[in-house]
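Let's work through some short exercises together, with the model open beside you. Try each task yourself before you read the solution.

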Amino acid sequence: MTRRNKRCPAPWSSKSFSPTEFSGGFDSDQIDALTQRGILEAHLMQASGAVGVLGEANKKKKKTKTKENNKKKKGPSTATAARTLSQDGVVRLNGILSASTAATLREKILDRRADAFAAISSSGEDNNKEDWRKYFADVLLKNNRCDLLLPLKGNRVLQTALHEILVASNLLSSILQIAIGGGDDATLYELSALISEPGSPRQPVHPDNPHQEHPPLFTVFIALQDITSPMGPTIFLPKTNTAEAHAEYNDIPHRDAFLESSPSVAALLNAGDASLFDSRTMHCGGANDEVEGATRCLLYLSFRNPSATEPIGNVGSIMPDIPKMTVRELRTKLAAALQDDSSDPFDDEREKEDAMNAIRLAAAKGDALAQLNLGIIYYVGENGVETNHAEAARWFELAAAQGLAHAQFNLGCCHSMGIGVPRQDLECAMELFQLAADQDHPGAKEAFDEAQEKMQTL
C-alpha cells in the first residue's frame with residue numbers, strides 16, 4: 001500500500017534489519033522525525049483521556065465471568081454495522097474468520113515472510129535494490145514492521161480464508177453492498193498482510209486518502225491472533241472521515257490541538273475479528289512494545305469504491321499478477337476453488353491452457369472463427385504457443401476456404417510477403433485480397449492495389 005503515512009516492509013522476528021536494506025523507500029530520509037512525531041502524538045492523545053476499545057464504546061461494567069459471558073461476542077447487525085461505518089468511518093466485525101483458519105493462515109504468512117527475507121539476503125551486498133519490492137509494499141516506518149504481498153494463485157490456505165470471509169459469511173459483502181450501493185461492483189484493490197514485531201514504533205496519525213466526496217476505498221484488517229495493547233493495535237479516530245475533520249487535520253499549526261481533542265479507539269481484536277474502515281478515516285499503527293509485545297499479524301483487503309471517481313493517489317498493495325476483479329467475480333472464483341480441489345480458478349496459466357484446448361477442439365471440428373483465431377495465435381506467438389508462421393498459414397487457409405473474410409485477408413498477407421508459405425505468390429495474394437474486399441473487409445482493397453503494384457514492378 002504505497003501511502004504517505006502507512007505501513008512498511010522491515011525486519012522479521014527478533015532480528016533487526018536496517019531500513020537501508022530496503023533502499024529506495026519513500027520515507028528513508030524522514031524515519032527519525034516520523035518516529036518522534038508518533039511518540040508525541042501518543043502523549044497528546046493520552047492526555048485527553050483514555051483510549052477506548054473499538055466496538056465497545058458503550059461497554060457496560062464488567063460482570064463476574066460465567067460460561068455465558070465467555071461465549072463469543074455477537075457483532076452488530078448488517079444494517080447497524082453499515083450505519084456505524086458511514087457515521088464513524090470504522091466498525092468492528094466479530095468472528096468473520098474462524099480462529100483455526102486464522103492460525104493456519106498466520107503460520108503460512110510468517111513462513112512466506114521468512115522465505116522472502118531469505119531470498120533478498122541471499123543476493124548478498126550487491127543485491128538489486130528493487131528485489132524487496134517483489135515481496136513487500138513501500139510504506140511508512142520500516143523498523144520491525146512490514147507489508148507483505150500475498151499471492152492468490154496456488155495459495156489454498158488464503159483461498160480458504162477468503163472463502164470464509166466473503167462466501168461462507170455474507171456479512172462483509174452485505175455491508176459493502178449497503179455502504180457502496182452496489183458492493184459486488186467494488187473491485188479488489190489490495191491483498192496483503194501487515195506484520196509488526198516488538199520494537200516497531202507508533203506511526204503518526206493519518207488518513208489513507210485525502211478527503212473526497214465518496215470513500216475511495218473500504219479496507220478490512222483481520223486479526224490472525226488475539227491483539228493486546230502491548231502489541232500495538234491500530235488506533236482509529238472515529239468520525240474523522242469528514243471534510244471538516246480533514247480541514248482541521250490539514251491545518252498544521254492546530255493539528256496537535258485537533259488530535260488532543262479527538263476521541264480514539266484501539267482495535268483490540270480477537271483472532272478472526274476485523275476492523276472495517278473508510279480510507280478517509282484517521283488512524284495509525286500502534287507501537288509494539290519491545291518487552292511485552294509480540295508478533296502482530298493482520299490479513300487485509302481493500303476494495304475500490306466505483307462511486308469514487310477522483311484519483312486515489314497511491315498504488316495498492318497487491319501482487320502484480322492478480323488481475324482486477326469485482327467482489328462478485330472474486331466470490332465466484334472462491335466458490336469454485338473450494339468446490340473442485342483439482343483446479344485453481346486463480347491460475348491464469350490453467351485458464352489459458354483450457355481456453356487454448358477449447359479453441360483447438362473447435363478448430364479441429366471445422367469452426368471457421370476458431371481456425372482464424374488459432375492461426376492468429378500461431379502467427380503472433382501468444383497464450384503459451386510459440387510462433388509458427390507455417391501453422392498459422394495452414395489454419396488461415398482452412399478458415400479462408402469457408403469464406404471468412406478476415407482469414408482470406410490474413411492468408412493473402414502471408415502470400416504477399418512470403419511468410420508461412422513456400423514462396424511469395426502475389427497473384428494468389430491478389431485473389432485472396434479480392435475475395436476479402438468483396439465482403440467489404442477493411443484494408444483489403446488497399447492490399448490488393450499494393451500487391452498489384454508490386455507485380456507490375458517485377
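A residue counts as buried when its relative accessible area is under 20%, and as exposed when that area is over 50%. Keep in mind that this model is predicted.

**Exercise 1. Two phenylalanines**

Task: Decide whether Phe-277 is buried or exposed, and do the same for Phe-221.

Solution:
- Start with Phe-277: its relative accessible area is 0%. The cut-off for buried is under 20%, so Phe-277 is buried.
- Now take Phe-221, which has a relative accessible area of 2%. That makes Phe-221 buried too.

**Exercise 2. The surroundings of a strand**

Task: Find out how many residues of strand S5 are buried, and which strands S5 is joined to by bridges.

Solution:
- Look at residues 217-223, which make up S5: seven of the seven are buried, so the strand is largely enclosed by the rest of the structure.
- Check one side of the strand, where you find Leu-217, Thr-219, Phe-221 and Ala-223, all buried.
- Turn to the other side: Phe-218, Val-220 and Ile-222 are buried as well, which leaves both faces of S5 covered.
- Look for the strands joined to S5. Strand S10 (residues 296-304) runs antiparallel to S5 and is joined to it by seven bridges; in one of them, Thr-219 has Ser-302 as its partner.
- Strand S8 (residues 274-278) is also antiparallel to S5, with five bridges between them. Here Val-220 stands opposite Leu-276.

**Exercise 3. Pairs of rings**

Task: Work out what kind of aromatic pair Phe-221 and Phe-277 form.

Solution:
- The count of aromatic pairs comes to six.
- For Phe-221 and Phe-277, the ring centres are 5.0 Å apart and the planes meet at 75°. Planes over 60 degrees apart count as edge-to-face, so this pair is edge-to-face.
- Place the pair on the chain: Phe-221 belongs to strand S5 and Phe-277 to strand S8, 56 residues apart, and the pair links these distant parts.
- Phe-277 also forms an aromatic pair with Phe-236, at 5.1 Å centre to centre and with 55° between the planes, and this one is tilted.
- Phe-236 lies in strand S6 (residues 234-236) and Phe-277 in strand S8, so the pair ties together parts that are 41 residues apart in sequence.
- Put the picture together: ring pairs link Phe-221, Phe-236, Phe-277 and Tyr-300 into a cluster.

**Exercise 4. Charges over rings**

Task: Which ring does the charged end of Lys-333 sit over, and which face does Arg-394 lie over?

Solution:
- The charged end of Lys-333 is 5.9 Å from the ring centre of Phe-346 and sits over that ring.
- Arg-394 lies over the face of Trp-395, 4.5 Å from the ring centre.

**Exercise 5. The nonpolar cores**

Task: Find which residues touch the most other members of the largest nonpolar core.

Solution:
- Begin with the general idea: in soluble globular proteins, nonpolar side chains tend to be buried together.
- The largest nonpolar core has 54 residues, and Leu-93 and Leu-299 touch the most other members.
- Helix H3 (residues 99-121) gives the most to this core, namely seven residues.
- Leaving aside residues up to four places away in sequence, the contacts of Leu-93 include Ala-81, Leu-171, Ile-175 and Leu-276.
- A second, separate core holds 19 residues, among them Trp-395, Ala-399, Leu-411 and Cys-414.

Methods:
Residues numbered from 1 in each chain as written. Predicted model: local features only at pLDDT ≥ 70, side-chain atom pairs only at ≥ 80, totals over all residues. Heavy atoms only, no water. Buried < 20%, exposed > 50% of the residue type's maximum accessible area, 1.4 Å probe, protein only. Helix = DSSP H or I, 4+ residues; strand = E, 2+ residues; numbered from the N terminus. Pairing = 2+ DSSP bridges. Phe/Tyr/Trp six-rings, centres within 6.5 Å; stacked < 30°, edge-to-face > 60°. Lys NZ or Arg CZ within 6 Å of the ring centre and 35° of its normal. Core = buried A, V, L, I, M, F, W, Y, C linked by side-chain atoms within 4.5 Å. Contact = heavy atoms within 4.5 Å.
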